[in-house]
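Please look over the sequence and the structure shown here before reading on. The briefing is arranged by topic, so that each group of points can be checked against the coordinates in turn.

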Amino acid sequence: MMRTGGDEIPCSCAPCSEPAVIRLRDPGQHLCSSHCIRYIGDIFFQTIDRQRMIAPGDRIAVAFSGGKDSTALLLLLHAALPVWPDVTLVAITVDEGIAGYRDETIRAAVDLTARLGVEHHIVSFASLFGGDLDTLLKGREPRACTVCGILRRRALATAARLAGATRIAVGHNLDDEAQSVLMNLLRGDFPHLVQDAASGEPECFIPRIKPLAGLSEREIVTYLVLTGNYRELPECPYTGYALRSEVRAMLAGLEFRHPGTMKNLIRSRDTIRKHTNQVPGKGGVQRCRECGEVSSGEICQVCRILARPG
Ligand code: SF4
C-alpha cells in the first residue's frame with residue numbers, strides 16, 4: 001500500500017478509491033491491486049496484437065526457466081488461452097547445469113507447470129553438449145553469459161522443434177530490451193541491434209516472440225506478488241561477470257531520474273530497424289560443417305564453443 005505522510009494514496013482510475021499499490025513512473029499513475037493486474041494484462045495483449053505475435057493454431061514453446069519473468073510469461077499466456085482456443089502451450093526448461101542455482105529454479109518450474117497442467121520438457125546441456133555449463137566454462141568464466149546464451153538458444157530451438165512448436169515465447173521484459181539495445185551499441189554490434197528474431201527468417205528458424213516486452217521488471221514483480229506467485233530464488237553465480245549487470249544498474253538509475261529512458265532507447269532501435277534494409281553481416285544461410293545446424297559461417301558458434309575451450 002502506498003502512502004504520503006500518513007495518508008494512503010488512492011488509485012488514479014476514477015471512480016476507484018482503493019489504495020494504490022504501485023506508482024507507474026511512466027505514464028505516472030498510481031494503481032490499486034486490481035487495476036494494476038488489469039493494466040499489466042492490457043499491455044501484454046497490446047504487445048501481442050501490435051506485432052501479431054500469435055496466430056490461430058500456434059503451438060507456443062515457452063522458454064520457462066522458473067525465474068520471475070518466465071513465470072509471469074507462462075501465467076499470462078496460460079490465462080489467455082481461452083481467448084485463443086486453438087493455441088497450445090508447451091513449457092521448455094533448459095538445465096544449463098549451474099551448481100547452487102538451477103536446481104531450485106527447476107523445482108519452481110516443475111511445481112508451476114504441474115499446477116497449471118501445462119506440458120513440460122526439461123532439456124540439459126549435459127545431454128545435448130556432453131557437459132554442464134560449470135564444466136564447459138572451466139578457465140573461461142568471464143565469458144559465462146556469452147557461452148551460456150549461445151548454448152541455451154540452441155537447446156531451446158532443438159527442444160522447441162522436437163515439441164512441434166511454431167513459436168518460441170521468451171520472457172524478455174522492457175528492461176531487458178533496453179539493456180540489449182545499449183549493450184549492442186557498446187559492443188558495436190550493429191547486426192544484433194537491427195536483427196529482428198520475430199521474423200523467423202530464414203524459414204528454418206522458429207520465430208521468437210516477446211510478449212512481456214512492454215512491461216518493466218518492476219511491473220512484472222508486482223504482478224507476481226499481487227497474484228500470489230512471487231517466489232524468492234537464488235541468483236546465478238556468473239551474474240557478476242556479465243556486462244548486462246553494469247548496464248542494468250546504469251539504466252535503472254537513468255530511468256529513475258528520467259522516466260521513459262528505457263522506452264526511448266527501444267524506440268530508437270525500432271526507428272533504426274525501420275530505416276535499415278540490409279542487416280550487415282547477415283549473409284546467406286548455410287549449414288554448419290560439423291553439426292549440420294543452420295549457421296552464418298562454415299562452423300556454427302556452438303561447435304566453435306565446444307571445440308575450443310578457453
Ligand atoms: Fe547464463 Fe549468464 Fe544468465 Fe547465468 S547470468 S544463466 S551464465 S546468461
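The points below go through the sheet, the helices, the ligand shell, the salt bridges and some backbone details.

This is a predicted model. At its centre of discussion stands an open sheet of five strands, in the order 7-6-5-8-9, whose pairing is parallel. Eleven salt bridges are found in the structure, and six residues' worth of ligand surroundings divide into four nonpolar, one polar and one charged.

**The sheet**

- The five strands of the open sheet follow the order 7-6-5-8-9, and its edges are formed by strand 7 (119–124) and strand 9 (208–209), each of which pairs on one side only.
- Strand 6 (residues 88–95) runs parallel to strand 7 and is joined to strand 7 by six bridges; within this pairing, threonine 93 has isoleucine 122 of strand 7 as its bridge partner.
- Strand 5 and strand 6 also pair in the parallel sense, here over five bridges, and valine 62 stands opposite alanine 91 of strand 6.
- Strand 5 is largely enclosed by the rest of the structure, because five of its five residues are buried.
- Both faces of strand 5 are covered, with Arg59, Ala61 and Ala63 buried on one side and Ile60 and Val62 buried on the other.

**Helices against the sheet, and helix 9**

- Helix 2 (residues 68–80) lies across strand 5 (59–63), strand 6 and strand 8 (167–169), and its direction makes an angle of about 155° with strand 5.
- Helix 6 (residues 144–162) lies across strand 5, strand 6, strand 7, strand 8 and strand 9, running at about 145° to strand 6.
- In helix 9, the buried residues include Glu219, Ile220, Thr222, Tyr223 and Leu224, and what covers the buried residues of this helix includes strand 3, helix 1 and helix 2.
- After helix 9 comes glycine 228, which has a positive phi near 75°.

**The ligand shell**

- The residues around the ligand are Cys145, Cys148, Arg152, Cys236, Tyr238 and Thr239.
- By residue class, this shell divides into four nonpolar, one polar and one charged.

**Salt bridges**

- Side chains of opposite charge can pair when their charged atoms come close.
- Glutamate 119 and arginine 59 meet through their side chains in a salt bridge at 3.1 Å, N to O; this pair links distant parts of the chain, since glutamate 119 belongs to strand 7 and arginine 59 to strand 5, 60 residues apart.
- Of these two partners, glutamate 119 is partly exposed, with a relative accessible area of 36%, whereas arginine 59, at 19% relative accessibility, counts as buried.
- A salt bridge also joins the side chains of arginine 231 and aspartate 111 (3.1 Å, N to O); arginine 231 lies in the loop between helix 9 (217–226) and helix 10 (243–257), and aspartate 111 lies in helix 3 (residues 102–116), so that distant parts of the chain, 120 residues apart, are linked.
- Arginine 231 is partly exposed, with a relative accessible area of 40%, and aspartate 111 is likewise partly exposed, with a value of 42%.
- Glutamate 293 and arginine 161 form a salt bridge between their side chains (3.0 Å, N to O); the pair links distant parts of the chain, 132 residues apart, with glutamate 293 in the loop between strand 10 (286–287) and strand 11 (294–295) and arginine 161 in helix 6.
- Here glutamate 293 counts as buried at 18% relative accessibility, while arginine 161, at 45%, counts as partly exposed.
- Glu177, Lys210, Arg269 and Asp270 are linked in a network of salt bridges.

**Backbone details in loops**

- The peptide bond from alanine 14 to proline 15 is cis, with omega near 5°, and proline 15 lies in the loop between strand 2 (7–8) and strand 3 (22–24).
- Arginine 52 has a positive phi of about 40° although it is not a glycine.
- Arginine 52 is found in the loop between helix 1 (33–50) and strand 5, and at 72% relative accessibility arginine 52 counts as exposed.

How values were computed: Residues numbered from 1 in each chain as written. Predicted model: local features only at pLDDT ≥ 70, side-chain atom pairs only at ≥ 80, totals over all residues. Heavy atoms only, no water. Pairing = 2+ DSSP bridges. Helix = DSSP H or I, 4+ residues; strand = E, 2+ residues; numbered from the N terminus. Contact = heavy atoms within 4.5 Å. Axes fitted to C-alpha atoms, helices over the stretch in contact; angles between N-to-C directions. Near = heavy atom within 4 Å. Nonpolar A, V, L, I, M, F, W, Y, C, P; charged D, E, K, R; others polar. Buried < 20%, exposed > 50% of the residue type's maximum accessible area, 1.4 Å probe, protein only.
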